[in-house]
Amino acid sequence: MQKHTQSNSVDITESHNSQDPSSTRVLIVTAVDAEKEAVQRGLNHAHGFDVIAGGVGPAATASATARQLVQGTYDWVISAGIAGGFAGRAEVSSIVIADTIIAADLGSETEDGFSSVQELGFGTDRVQADPDSARKLAKALQHAGVPVTLGPVLTVSTTTGTAATAARLLHRVPDAAAEAMEGFGVATAAAAVGVPVLEIRSISNQVGPRDRSAWKIKEALQALETASSLLPEVLR
């Protein structure tokens, strides 16, 4: 399986967090319990990590993330789970680490095509992931022999089920690596309180025509577990 890692991923700098590593706190938000349990298995009771299942979609996870952030202080917030990968960019059972988290269908349909909320002047449609931590995690996965892509992850409210929709999304974001439903919600809540964010996605299927028989959920959850096992070292 081919590895897709941006060349700048080899230039790793230390995390911005210079405090005592034992006091570092990380909030990880998944959509459903199966993802939460995979993350917890990977973490293996590592100190300082809180993992919650916030629900499906950007609204549910934004709300759940905001509620959790009110209850405590965190050094990072991570959106984690399985996702669809764009063919040729992220293959099934690989990992995608977001460098940018994009609300791909937040905007308006016009006669000339789709206009994002940012193009309309109503806000932003993207949040930048913490760059040093994203590169460091991608490098750690590469060293562990896990196929990894560092690139944009799209947040959608309706998952793609046709080749035509996949093509439209790639026309909007040509270097998109994966599509999921929660990242932008988690990232928006984290950005509101100034906490750096990451998004980790393990690929269970290709973005395009919906074919459940081709989904590799078990394998994707195993890859998510592996990625999660590296977080205690990467973030400290």
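Tutor: A residue is called buried when its relative accessible area is under 20%, exposed when it is over 50%, and partly exposed in between, using a 1.4 Å probe and protein chains only. At 37% relative accessibility, Ser-229 therefore counts as partly exposed. Please note that this is a predicted model, in which local features need pLDDT of at least 70 and side-chain atom pairs count only at pLDDT 80 or more, while totals for chains, interfaces and linings use all residues. Residues are numbered from 1 along each chain as its sequence is written, and side-chain values use heavy atoms, with hydrogens and water left out.

Student: Where is Ser-229 placed in the chain?

Tutor: Helices (H or I, at least four residues) and strands (E, at least two) are DSSP runs, numbered from the N terminus. Ser-229 belongs to helix α6, which covers residues 217-229. Its C-alpha atom is 9.9 Å from that of Ala-38, although 191 residues separate the two along the chain. The chain as a whole has seven helices and 10 strands.

Student: How should the radius of gyration of the chain be read?

Tutor: The radius of gyration is taken over C-alpha atoms, and the globule rule is 2.2 Å times the number of residues to the power 0.38. For 236 residues, a compact globule would have a value near 18 Å; the chain has 17 Å, which agrees. Along the principal axes, the C-alpha atoms fill a box of roughly 55 × 40 × 35 Å.

Student: What share of the residues in the chain is buried, and what supplies the area that the chain exposes?

Tutor: Buried residues make up 50% of the 236 residues. Accessible areas come from the Shrake-Rupley method with a 1.4 Å probe; for residues, only the protein chains shown count as cover. The chain exposes about 10,600 Å², and carbon and sulfur atoms supply 51% of it.

Student: What is meant by a nonpolar core, and which residues touch the most other members of the largest one?

Tutor: In soluble globular proteins, nonpolar side chains tend to be buried together. A nonpolar core is a set of buried Ala, Val, Leu, Ile, Met, Phe, Trp, Tyr and Cys residues joined through side-chain atoms within 4.5 Å. The largest one here has 28 residues, of which Ile-28, Ile-78, Ile-95, Ile-97, Ile-200, Leu-231 and Leu-235 touch the most other members. Apart from this core lies another, of 26 residues, including Val-29, Tyr-74, Ala-178 and Val-195.

Student: Which residues does Ile-95 contact, beyond its neighbours within four places in sequence?

Tutor: Contact means heavy atoms within 4.5 Å. With those neighbours left aside, the contacts of Ile-95 include Leu-141, Val-146, Pro-147, Ile-200, Ala-223 and Ala-227. Ile-95 is placed in strand β4, residues 95-103, and is buried, because its relative accessible area is 0%. Its C-alpha atom and that of Arg-67, 28 residues apart along the chain, are separated by 28 Å.

Student: How are contacts distributed along the sequence?

Tutor: Among contacts between residues at least 6 apart in sequence, 80% join residues at least 24 apart. Gly-84 in strand β3 offers an example: Gly-84 and Gln-206 are 122 residues apart in sequence and 5.1 Å apart in space, C-alpha to C-alpha. Gly-84 is buried, because its relative accessible area is 6%. Leaving aside neighbours within four places, Gly-84 is in contact with Ala-177, Ala-178, Glu-179, Ile-203, Asn-205 and Val-207.

Student: Is Ala-166 buried or exposed?

Tutor: Ala-166 counts as buried, because its relative accessibility is 9%. The residue lies in helix α4, residues 163-172. Leaving aside neighbours within four places in sequence, Ala-166 is in contact with Phe-86, Thr-160, Val-207 and Gly-208.

Student: Which backbone angle deserves notice at Asn-44?

Tutor: The angle is phi, which for Asn-44 is near 55°, a positive value in a residue other than glycine. Asn-44 lies in the loop between α1 (33-43) and β2 (49-53), and counts as exposed because its relative accessibility is 57%. Ser-93 also has a positive phi, near 80°. Ser-93 is placed in the loop between β3 (76-85) and β4, and its 23% relative accessibility makes it partly exposed.
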